[in-house]
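Visitor: I would like to learn how to read the features of a model such as this one, step by step. Could we begin with the contacts of a single side chain and then go on to the packing of helices?

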Amino acid sequence: MSRADGRALAAASVTVVLWASSFIAIRSAAADFGPGALALGRLAVASVVLSVLLLVRRGGFPPREAWPGIIASGVLWFGAYMVALNWGERHVDAGTASLVVNVGPILMALLGGWLLKEGFPPRLMAGMAVSFAGAVVVGLSMSGGGESSLLGVLLCLFAALAYAVGVVLQKPTLKHATPMQVTTFGALAGTVACLPFAGQLVSQVSRAPVSATLQMVYLGVFPTALAFTTWAYAVSRTTVGKMGTTTYAVPVLVVLMSWLFLGEVPGWLTLLGGLLCLSGVAVSRMRGKARAQVPEDTRRSRAAAQPDVSAESAR
């Protein structure tokens with residue numbers, strides 16, 4: 001593994017852990033905040049934190065070429081994705097929501113291979129298949145056999161689509177702007193898109209307990225401001241397909257965190273699904289055996305030792 005790929009994997013690992021923790025925080029705050037209000041509050045907090053960091057680091061404004069991608073990915077991924085996911089989880093259980101949203105990495109890899117010319121490496125495709133199978137097992141084991149609302153499933157599918165398209169739009173944008181710039185102004189674009197929920201947020205904040213408000217602040221600082229920045233850093237240094245596959249580890253961590261913080265003990269079927277998710281990530285990150293490199297001096301000496309076939313033929 002190259003040093004750049006190792007750094008990308010480390011950044012992606014931070015993102016995965018923080019995104020997994022967001023499922024716990026959303027479940028805690030959803031009882032007091034509506035989907036749009038929770039998304040706006042989370043994005044507003046993230047925008048403030050990111051803007052301060054950008055000013056301290058003198059990051060400046062992104063160039064003109066980066067703005068279309070920043071705005072589009074910000075509205076789709078930061079805005080539409082968060083509202084749709086918050087809304088969808090009101091109609092389906094956590095396992096079903098996790099299963100449906102995990103369609104996103106597959107769409108991401110397909111769009112990246114097609115639109116970004118990243119191709120479809122066999123190891124990546126195999127790893128995605130294994131991880132998706134694991135996500136299915138985790139989702140079924142956590143669903144508890146309840147019936148899922150069609151509206152909730154459709155909302156989670158829309159969230160997965162917004163997630164995938166947002167990431168694919170973000171990748172070429174990172175050629176023109178830094179990860180900090182893309183994340184900061186993307187969060188600001190998402191905040192502006194969610195402003196119609198401002199009245200609802202103000203009303204609900206005044207009635208919500210302090211714990212729910214702190215959960216919303218946590219969502220803004222860590223799973224959004226920090227995690228989306230490390231994600232953008234990682235995406236700028238590897239392919240969209242590989243990054244998408246690493247997110248299959250999120251359901252595994254959600255199960256473990258639910259076990260630790262909510263007292264929900266996972267069953268053997270859930271643990272098996274988690275193992276499949278991690279195995280798929282490992283397969284997708286594997287590299288084939290590199291061809292043996294022949295030193296330049298050796299190639300030159302071999303070429304000098306070989307007879308000139310064309311000259312012999314001419315004679």
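Guide: A polar contact is a pair of N or O atoms within 3.5 Å, where, within protein, one atom must be able to donate a hydrogen and the other to accept it. Please keep in mind that this is a predicted model. By that rule, the backbone oxygen of Ile70 lies 3.3 Å from a polar atom of the side chain of Ser73, and the side chain of Ser73 also reaches the backbone oxygen of Gly69, at 2.7 Å.

Visitor: Where is Ser73 placed, and is it buried or exposed?

Guide: Ser73 is in helix α3, which covers residues 67-88. Buried means under 20% relative accessible area, so Ser73, at 2% relative accessibility, counts as buried. When residues up to four places away in sequence are not counted, Ser73 touches Phe78, Gly166, Leu169 and Gln170.

Visitor: What surrounds this helix in the protein as a whole, or rather, how many helices and strands are there?

Guide: The protein has 15 helices and 0 strands, and 47% of its 315 residues count as buried. Among contacts with a separation of 6 or more, 91% are accounted for by residues 24 or more positions apart.

Visitor: How should I read the packing of two helices, and at what angle do α3 and α8 pack?

Guide: Two packed helices are described by the angle between their axes and the distance between the axes. In this model, α3 and helix α8, which is made of residues 179-193, pack at an angle of about 60°, and their axes are 7 Å apart. That angle makes α3 oblique to α8, and the crossing of the two is right-handed. On the α3 side the contact is made by Trp67, Ile70, Ile71, Gly74, Val75, Phe78 and Gly79, and on the α8 side by Gln181, Val182, Thr183, Phe185, Gly186, Ala187, Ala189, Gly190 and Ala193. Sorted by class, the contact of α3 with α8 has 10 nonpolar, 6 polar and no charged residues.

Visitor: Gln181 appears in that list; which backbone oxygen lies 2.8 Å from a polar atom of its side chain?

Guide: The backbone oxygen of Gly59 lies at that distance from the side chain of Gln181. Gln181 belongs to helix α8 and is buried, with a relative accessible area of 7%. Leaving out residues up to four places away in sequence, Gln181 touches Leu54, Gly59, Gly60, Phe61, Pro62, Ile70 and Gly186.

Visitor: What can be said of Arg58, in the loop between α2 and α3?

Guide: Arg58 has a positive phi of about 55°, although it is not a glycine. At 77% relative accessibility, Arg58 counts as exposed, whereas Gln181 is buried.

Visitor: How is α2 packed against α10, and which residues meet there?

Guide: Helix α2 (residues 35-56) and helix α10 (residues 210-235) pack at an angle of about 60°, with 8 Å between their axes. The two helices are therefore oblique to each other, and α2 passes α10 in a right-handed crossing. From α2, the residues Ala37, Leu38, Gly41, Arg42, Leu43, Val45, Ala46, Val49 and Leu50 meet Met216, Val217, Leu219, Gly220, Val221, Pro223, Thr224, Ala225, Phe228 and Thr229 of α10. By class, this contact of α2 with α10 has 14 nonpolar, 4 polar and 1 charged residues.

Visitor: How do α3 and α10 cross?

Guide: The axes of α3 and α10 come within 13 Å and cross at roughly 125°, and the two helices are therefore oblique to each other, in a crossing that is right-handed. Here Trp77, Phe78 and Met82 in α3 meet Thr224, Phe228 and Trp231 in α10, and by class the contact has 5 nonpolar, 1 polar and no charged residues.

Visitor: Finally, how far apart are Val83 and Gly36, in sequence and in space?

Guide: Val83 and Gly36 are 47 residues apart in sequence, while their C-alpha atoms are 5.3 Å apart in space. Val83 is found in helix α3 and is buried, with a relative accessible area of 15%. Setting aside neighbours within four places in sequence, Val83 is in contact with Pro35, Gly36, Ala39, Cys194 and Phe197.

How values were computed
Residues numbered from 1 in each chain as written. Predicted model: local features only at pLDDT ≥ 70, side-chain atom pairs only at ≥ 80, totals over all residues. Heavy atoms only, no water. Axes fitted to C-alpha atoms, helices over the stretch in contact; angles between N-to-C directions. Helix = DSSP H or I, 4+ residues; strand = E, 2+ residues; numbered from the N terminus. Parallel < 35°, antiparallel > 145°, perpendicular 65-115°, else oblique. Left-handed = near helix turned anticlockwise from the far one by under 90°. Contact = heavy atoms within 4.5 Å. Nonpolar A, V, L, I, M, F, W, Y, C, P; charged D, E, K, R; others polar. Buried < 20%, exposed > 50% of the residue type's maximum accessible area, 1.4 Å probe, protein only.
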